[in-house]
Amino acid sequence: MASILPLQLSHVRLAIGTTIVAEDFTLALAAGDPTIVVGANGSGKSTLLRLCHGLAIPTGGTIAWARDPKGQQAMVFQRPSMLRRSALANVAYGLKLRGMPREMRTAIARDRLCRVGLEAIADRPARVLSGGEQARVALARAWALDPQILFLDEPTASLDPAATRALEDILRAMADEGTKIVMTTHNLGQARRLGADIVFLHRGRVLEHAPVERFFRSPGTPEAAAYLAGELPW
Ligand SMILES: Nc1ncnc2c1ncn2[C@@H]1O[C@H](COP(=O)(O)OP(=O)(O)O)[C@@H](O)[C@H]1O
Ligand SMILES: [Mg+2]
């Protein structure tokens with residue numbers, strides 16, 4: 001299938017009322033290894049993902065895909081909401097909406113649950129699962145759609161270290177199979193482990209977009225250096 005990437009944002013601006021939420025997001029997201037978005041609270045990370053995913057419409061600038069991204073993008077939210085159904089039904093739901101026959105969607109949903117290590121709880125109500133399990137169900141749900149690009153907003157923020165690593169392993173597997181991962185995080189160790197390139201946001205602007213090694217070794221702006229210093233140790 002032809003790639004919907006790169007995704008090019010040019011001087012994207014978002015004003016909500018009198019508040020400037022995004023000042024200037026200029027950025028290209030290319031196919032390949034994961035891109036990690038970092039920045040202080042309120043710097044615009046969630047806004048950037050929402051804009052990319054089409055959940056917020058820019059009040060200025062342009063967002064351009066290489067081709068129509070319809071159905072080829074997915075997003076995992078910080079606190080994923082689960083339908084009042086089994087884990088399996090949650091994972092299959094998006095496929096149902098796409099009109100996929102029951103047998104086929106159930107098979108895919110089982111496969112994805114299996115790959116996130118949750119085959120044993122497929123029939124349990126999703127809402128009674130632990131936070132870590134729900135995070136994996138949310139990931140399986142996105143994975144079932146086989147998106148070309150997957151946006152994740154701090155998916156490990158409320159997870160313990162073991163659950164965090166488990167989620168990282170899954171993301172790496174998805175990336176290896178060709179899904180472009182774009183993820184925000186406050187966990188700089190995670191950014192280093194997963195990221196090929198880092199996008200650094202500051203006050204609604206993209207201040208840096210650099211290969212991971214270079215970003216951590218020699219940040220190109222005083223703001224990024226200060227951010228990294230403040231977050232030590234990772
Ligand atoms: N719907 C909104 N209305 C007004 N201000 C908003 C809205 N959404 C976000 N903001 C503001 O925009 C800035 C960026 O928010 P956000 O993208 O959530 O940052 P981050 O995810 O990096 O913490 C913050 O100052 C936030 O308060
Ligand atoms: Mg956020």
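The shell around ligand 1 has 8 polar, 2 nonpolar and 1 charged residues. This comes from a predicted model. The residues around the ligand are I16, T19, V21, G39, N41, G42, S43, G44, K45, S46 and T47. Two elements, β2 (19-29) and α1 (45-52), each supply at least two residues of this shell. Helix α1 gives the most, with 3 residues.

Two helices, α3 and α5, can be set side by side.

| Helix | Residues | Number of residues | Expected span | Distance between end C-alpha atoms |
|---|---|---|---|---|
| α3 | 102-115 | 14 residues | 20 Å | 20 Å |
| α5 | 161-176 | 16 residues | 22 Å | 22 Å |

For α5, a rise of 1.5 Å a residue should give a span of 22 Å, and the end C-alpha atoms are 22 Å apart, which agrees. Its buried residues are T164, L167, I170, L171 and M174. Because these cover an arc of only 125° around the axis, they lie on the same side of α5. The other side of α5 holds P161, A162 and D176, which are exposed. Four elements pack against the buried residues of α5: the helices α4 (131-144) and α6 (188-194), and the strands β6 (149-153) and β7 (180-184). Just after α5 comes G178, with a positive phi of about 110°.

Helix α3 reaches 20 Å from its first C-alpha to its last, close to the value expected at 1.5 Å a residue. In α3, the residues R105, I108, A109, R112 and L113 are buried. They span an arc of only 135° around the axis, so they sit on the same side of α3. On the face turned away from this buried side, E103 and M104 are exposed. The cover over the buried residues of α3 includes α2 (87-97) and α4. Helix α4 also packs against the buried residues of α5. G117 follows α3 and has a positive phi, near 80°.

Strand β6, one of the elements packed against the buried residues of α5, is also joined to β5 by 4 bridges, and the two strands run parallel. In this pairing, Q73 of β5 stands opposite I149 of β6. Strand β5 covers residues 73-76. Which way do the side chains of β5 point? Q73 and M75 point one way, A74 and V76 point the other way, and all are buried.

Key. Residues numbered from 1 in each chain as written. Chains lettered and ligands numbered in written order. Predicted model: local features only at pLDDT ≥ 70, side-chain atom pairs only at ≥ 80, totals over all residues. Near = placed C-beta within 6 Å. Nonpolar A, V, L, I, M, F, W, Y, C, P; charged D, E, K, R; others polar. Expected span 1.5 Å × (residues − 1). Buried ≥ 20, exposed ≤ 12 C-beta atoms within 10 Å, placed from the backbone. Arc of directions from axis to C-beta. Contact = placed C-beta atoms within 7 Å. Pairing = 2+ DSSP bridges.
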